[in-house]
Number of protein chains: 2
Amino acid sequence: MSSYSPIGPVVGVVGAGQLARMTQQPAIALGVELRVLANAPDESAARVIVDTRIGDYRDLGDLRAFAKGCDAITFDHEHVPTEHISALAADGFAVHPGAEALVHAQDKAVMRERLTALGAPCPAWARVSGTEDVTAFAAEHGWPVVLKAVRGGYDGRGVWVCRSVADAEAALAAGVPLMAEAFVPFERELAVLVARSPHGQGVSYPVVETVQQDGICVEVLAPAPGLDPEEAAQAQRIALQIAHELGVTGLLAVEMFDTGHGLVVNELAMRPHNSGHWTIEGARTSQFEQHLRAVLDLPLGSPAMTAPVVVMANLLGGDDPDLFERYEHVMAHDPGIKVHFYGKQVRPGRKIGHVTAVGDDLDTVRARARHAAVHLTTGEYT
Amino acid sequence: MSSYSPIGPVVGVVGAGQLARMTQQPAIALGVELRVLANAPDESAARVIVDTRIGDYRDLGDLRAFAKGCDAITFDHEHVPTEHISALAADGFAVHPGAEALVHAQDKAVMRERLTALGAPCPAWARVSGTEDVTAFAAEHGWPVVLKAVRGGYDGRGVWVCRSVADAEAALAAGVPLMAEAFVPFERELAVLVARSPHGQGVSYPVVETVQQDGICVEVLAPAPGLDPEEAAQAQRIALQIAHELGVTGLLAVEMFDTGHGLVVNELAMRPHNSGHWTIEGARTSQFEQHLRAVLDLPLGSPAMTAPVVVMANLLGGDDPDLFERYEHVMAHDPGIKVHFYGKQVRPGRKIGHVTAVGDDLDTVRARARHAAVHLTTGEYT
């Protein structure tokens with residue numbers, strides 16, 4: 001808890017991961033006093049935010065105590081129970097996004113129902129509760145069938161690409177509510193990040209390409225290379241329409257499949273998103289500043305790019321816990337590379353940071369980002 | 001005091017003003033654990049740095065307790081007694097800049113002696129201890145005579161432009177050690193910011209023009225408009241030479257007069273400097289990141305500009321304490337303007353923040369920065 005009186009507006013962020021941590025950078029500039037609800041004082045954001053409260057985001061009492069005195073409440077993750085968010089709003093707190101919007105990022109079946117009703121491009125889908133439902137779905141739409149946990153999945157967890165009944169039974173054995181989606185053959189994955197304020201102002205960042213490995217985003221290319229301008233505009237219209245129809249306040253990231261003959265919406269997130277980390281250096285207004293402006297109902301900032309090409313590469317933990325000794329090579333090799341560490345202990349596969357390169361030529365910029373990411377995480381010289 | 005174990009290197013900053021506060025932004029990205037020595041928990045940097053220690057920078061015991069566990073020690077201001085800095089270094093702490101360099105930013109007479117010996121362009125100068133010394137100096141160099149406090153002045157304080165013996169006697173009445181300098185008629189003021197690492201790597205940012213009112217910097221234009229490239233290169237050579245000869249580690253800001261027929265060195269500062277705030281958005285590596293890299297002896301970052309023109313305008317406090325209500329107009333009027341508040345209570349004339357505009361055309365960019373600064377500090381629409 002802090003020992004000073006706030007001067008600027010107070011924004012409370014539930015959750016203290018790297019998204020809350022990176023939000024502290026523009027909060028410092030804007031004079032916004034950030035408060036986080038952390039599980040422990042050594043979490044990523046708790047290390048850099050003075051007004052850290054320790055508590056349980058699943059406990060309404062903890063949430064109410066945390067919210068007291070905040071000018072706005074927002075989230076580092078989607079795991080706060082929807083009914084608690086409604087209760088905070090009923091108490092009079094300004095919660096952004098609100099429960100009625102956020103449920104679409106928490107519950108994939110609710111999301112699919114709503115997007116289907118809106119006419120947004122979705123794969124065929126159905127709620128499933130057992131093997132019979134899955135085989136019936138496969139009979140209509142073919143294998144593979146993608147089974148997804150309706151709630152709680154991320155980074156590939158909670159998603160099973162099933163090529164047979166046996167695969168489906170393994171997924172069903174997880175014992176969580178599932179839904180089925182038709183497998184979408186795609187050429188690449190895109191993401192559109194938009195922001196919407198309570199007043200209704202909306203802005204869209206350029207469409208980006210996200211490169212995934214084993215269900216985890218490893219690289220983001222901004223703007224999406226070679227994307228037809230009309231398709232890019234359509235992707236931005238879809239995302240802004242979803243934000244408007246769902247009443248999103250704050251950021252909305254819309255992950256899409258580019259099938260080569262159209263776009264299909266994959267997932268929604270209503271917070272700063274890995275696909276938008278490139279905006280810290282690559283856009284006039286970073287996604288973290290934009291989110292703060294939106295949840296405080298301030299006019300939104302310019303999403304214009306600061307350079308023709310920006311590439312972000314995630315740093316996934318390897319075996320060696322000491323990354324800092326590798327700064328020497330990376331910084332000397334490329335004085336323009338930007339390194340972001342999240343203040344997390346290294347664990348294999350864990351997202352512990354990212355690097356960003358900015359420039360004019362995609363191949364050059366991408367090679368720079370990869371070089372830094374490979375060296376920082378493995379020590380290899382490429 | 002923090003309740004977690006550091007993961008990254010720990011940098012201790014003595015002083016908790018806006019310079020330490022803005023250093024927290026790149027520290028978050030680099031995973032550097034910042035610690036500050038503050039006078040009180042509500043100071044500018046203490047509001048955004050978890051590991052804030054309260055103590056007296058004039059007390060060697062407080063400094064030693066603060067330094068324990070830091071991988072490097074640096075400064076938010078020049079007021080730490082030189083002998084305490086030497087004592088910390090003798091204890092084995094990595095202090096950057098060291099006492100032998102920093103004394104040139106603390107003591108103007110020592111600075112003049114050394115720069116004169118190095119052949120750097122300086123005005124005529126002399127130590128003075130009474131009216132007789134000043135009149136003798138004026139007899140040789142003419143009026144006005146600029147009297148300066150040898151130690152402790154900033155933002156125009158501790159500087160007296162004397163046009164007569166009566167003026168000089170008023171300055172002498174301050175009762176602090178003084179020196180005299182010949183008045184330099186100048187066309188404009190320039191500043192060069194360079195960084196030097198303990199390994200001896202040096203980089204220079206582009207030369208900027210600083211616009212002063214009543215001895216306080218109100219505006220910085222990057223790069224200095226219309227500066228002859230040879231004169232710009234000379235200014236950078238002078239600054240890098242001073243950094244090298246004085247053994248500066250960290251940043252060195254060199255303020256210069258552009259007389260229209262040459263350059264004259266005015267002041268030195270060895271820390272992030274107001275004339276370098278434009279680098280946060282305007283250079284690939286901000287001065288705050290550069291300072292961290294230098295004091296940790298990491299390879300230095302690119303000082304390249306991110307756009308052709310960058311203008312920074314300081315926000316000086318007016319009569320109205322609530323600046324946040326003026327965000328609406330400024331952000332809606334110019335979605336690309338970048339606002340920085342320092343988390344300080346408003347007092348008339350106090351530096352409470354700055355704004356930065358980035359673009360292609362000087363007149364346009366300067367007008368944008370001015371519009372935002374005027375509105376935020378006065379509420380006027382221009």
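Ala232(A) touches Val207(A) and Leu227(A), when residues up to four places away in sequence are not counted, and contact here means that heavy atoms come within 4.5 Å. The place of Ala232(A) is in helix α8, residues 229-246 of chain A, where helices (H or I, at least four residues) and strands (E, at least two) are DSSP runs numbered from the N terminus. Because its relative accessibility is 17%, Ala232(A) counts as buried; the word buried stands for under 20% relative accessible area, exposed for over 50%, and partly exposed for what lies in between, with a 1.4 Å probe and protein chains only. Leu190(A) is 42 residues away from Ala232(A) along the chain, and their C-alpha atoms are separated by 9.7 Å.

This is a predicted model, in which local features need pLDDT of at least 70, side-chain atom pairs count only at pLDDT 80 or more, and totals for chains, interfaces and linings use all residues. Residues are numbered from 1 along each chain as its sequence is written, chains are lettered from A and ligands numbered from 1 in the order in which they are written, and side-chain values use heavy atoms, with hydrogens and water left out.

**Chain A as a whole**

The secondary structure of chain A comes to twelve helices and 17 strands. For 382 residues, a compact globule would have a radius of gyration near 21 Å, and the 21 Å of chain A agrees with this; the radius is taken over C-alpha atoms, and the globule rule is 2.2 Å times the number of residues to the power 0.38. Along the principal axes, the C-alpha atoms of chain A fill a box of roughly 60 × 55 × 40 Å.

Of the 382 residues of chain A, 61% count as buried. Among the contacts in chain A with a separation of 6 or more, 62% are accounted for by residues 24 or more positions apart. Chain A exposes about 14100 Å², of which carbon and sulfur atoms supply 50%; such accessible areas come from the Shrake-Rupley method with a 1.4 Å probe, and for residues only the protein chains shown count as cover.

Chain A has 30 positive and 47 negative charges, and the mean positions of the two sets are 4 Å apart. In this count Lys and Arg are positive, Asp and Glu are negative, and His and the chain ends are left out, while the place of a charge is taken as NZ of Lys, CZ of Arg, CG of Asp or CD of Glu.

**The two copies**

A turn of 180° and a shift of 0.0 Å along the axis lay chain B on chain A with an RMSD of 0.0 Å. The two copies are therefore related as by a two-fold rotation axis, the superposition being made by least squares on the C-alpha atoms of residues with pLDDT of at least 70 in both. Because 100% of the interface residues of chain B are also interface residues in chain A, the copies meet through the same surface.

**Buried residues in chain B**

| Residue | Place in chain B | Relative accessibility |
|---|---|---|
| His273(B) | loop between β14 (263-269) and α9 (279-282) | 10%, buried |
| Pro26(B) | helix α1 (residues 18-30) | 9%, buried |
| His354(B) | strand β17 (residues 351-359) | 0%, buried |

Leaving out residues up to four places away in sequence, His273(B) touches Leu193(B), Ala253(B), Glu255(B) and Gln287(B), whereas Pro26(B) touches Ser286(B), Phe288(B), Glu289(B) and Leu292(B). With its neighbours within four places in sequence set aside, His354(B) is in contact with residues including Met22(B), His277(B), Ile280(B), Met312(B) and Tyr342(B). Lys338(B) also appears among the contacts of His354(B), and these two residues are 16 residues apart in sequence and 8.5 Å apart in space, C-alpha to C-alpha. Pro26(B) and Ala373(B) are 347 residues apart along the chain, with 24 Å between their C-alpha atoms.

**Backbone details**

The peptide bond from Ala222(A) to Pro223(A) is cis, with omega near -5°, and Pro223(A) is found in the loop between β12 (216-222) and α8 of chain A. In chain B, a cis peptide bond with omega about -5° joins Trp143(B) and Pro144(B), and Pro144(B) has its place in the loop between α6 (131-141) and β6 (145-149). Asp297(A), which is not a glycine, has a positive phi near 55° and lies in the loop between α10 (287-295) and β15 (309-316) of chain A.
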